[in-house]
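Visitor: I am new to this structure and would like a close look at one part of it. Please take one helix, and then follow what surrounds it.

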Amino acid sequence: MPSTYDYAIIRVVPRVERGELINAGVIVACPTARYLAARVGLDTSRFRALAPAVSDEDLADLVAALAVIPLIAAGDPRGGPIAALPRQDRFHWLVAPRSAIIQTSPVHTGLSEDPAAALDRLFERLVLPPSS
């Protein structure tokens, strides 16, 4: 039986004042399935197109910060103290509005029998570059 789930797109905004962004991941939460997961993948060539002056070191730091998001969602101790929070609190922390380089979209709702498959579909549709 399908369950509702909530999701948000993880966005990278290289220059917040310009508002240009790159979708870099998805977070999916389905309370009825006790599911919370995130998948990230920054297309660095697209990022470089919007932020050519960013150093390789700063880009590596950004990629490392993005990599923590799935750890927090999974409750993995490597995600730091936020990862120890209850699942619902972790989701709310992950999707809280920010004005930093890493932001999330508003939360949207979907319906699926398999939230992990929904995460894969959303990542493919919303994050990966369109195939030609």
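Guide: What follows starts with helix H2 and moves outward to the parts around it. The model is a predicted one.

Helix H2 runs over residues 56–74, which makes 19 residues. At 1.5 Å a residue, a helix of this number of residues should span 27 Å, and the end C-alpha atoms of H2 are 28 Å apart, so the two values agree. Directly after the helix comes Gly 75, with a positive phi near 75°.

Which residues of H2 are buried? They are Leu 59, Leu 62, Leu 66, Ile 69, Leu 71, Ile 72 and Ala 73. The cover over these buried residues includes strands S1 (3–12), S2 (22–30), S3 (35–40) and S4 (102–104), together with helices H1 (44–50) and H3 (87–95).

Helix H3, one of those covering elements, has its own buried residues: Arg 90, Phe 91, Leu 94 and Val 95. Viewed down the axis of H3, these fall within an arc of 120°, so they line one face of the helix. In general, an α-helix has 3.6 residues a turn, so residues three or four places apart point the same way. The buried residues of H3 pack against H2, and also against S1, S2, S3 and S4.

H2 also takes part in the largest pocket, where it gives the most to the lining, with 4 residues. The space in this pocket is about 160 Å³. H2, H3 and S4 each supply at least two of the lining residues. The lining is made up of Ile 10, Ile 27, Ala 65, Val 68, Ile 69, Ile 72, Trp 93, Leu 94, Arg 98, Ile 102, Gln 103 and Thr 104. By type, these divide into 9 nonpolar, 2 polar and 1 charged. Ile 69 and Ile 72 are lining residues that also belong to the buried set of H2, and Leu 94 of the lining is likewise among the buried residues of H3.

Beyond strand S4, in the loop that leads to strand S5 (108–112), sits Ser 105. Is Ser 105 buried or exposed? Ser 105 has a relative accessible area of 3%, so it counts as buried, for which the cut-off is under 20%. Leaving aside residues up to four places away in sequence, Ser 105 touches Ala 8, Ile 9 and Arg 11.

Strand S1 holds Thr 4. With the same exclusion of residues up to four places away, Thr 4 touches Cys 30, Thr 109, Gly 110 and Leu 111. The C-alpha atoms of Thr 4 and Ala 74 are separated by 19 Å, and the two residues are 70 residues apart along the chain.

The loop between S2 and S3 contains Arg 34. Arg 34 is not a glycine, yet its phi is positive, about 50°. Its relative accessible area is 66%, and Arg 34 is therefore exposed, the cut-off being over 50%.

Helix H4 can be set beside H2. H4 covers residues 115–126, and its 12 residues should span 16 Å, which agrees with the 16 Å between its end C-alpha atoms. The buried residues of H4 are Pro 115, Ala 118, Leu 119, Leu 122 and Phe 123. Those buried residues cover an arc of only 135° around the axis, which puts them on the same side of H4. The face turned away from that buried side carries the exposed residues Glu 124 and Arg 125. Among the elements covering the buried residues of H4 are S1, S2, S3 and S5.

Terms used: Residues numbered from 1 in each chain as written. Predicted model: local features only at pLDDT ≥ 70, side-chain atom pairs only at ≥ 80, totals over all residues. Heavy atoms only, no water. Expected span 1.5 Å × (residues − 1). Buried < 20%, exposed > 50% of the residue type's maximum accessible area, 1.4 Å probe, protein only. Contact = heavy atoms within 4.5 Å. Arc of directions from axis to C-beta. 1 Å grid on protein atoms, 1.4 Å probe; cavity = no way out; pocket = protein on both sides within 12 Å on 5 of 7 lines; lining within 4 Å. Points joined across faces, edges and corners; volume = space filled by probe spheres on them. Nonpolar A, V, L, I, M, F, W, Y, C, P; charged D, E, K, R; others polar.
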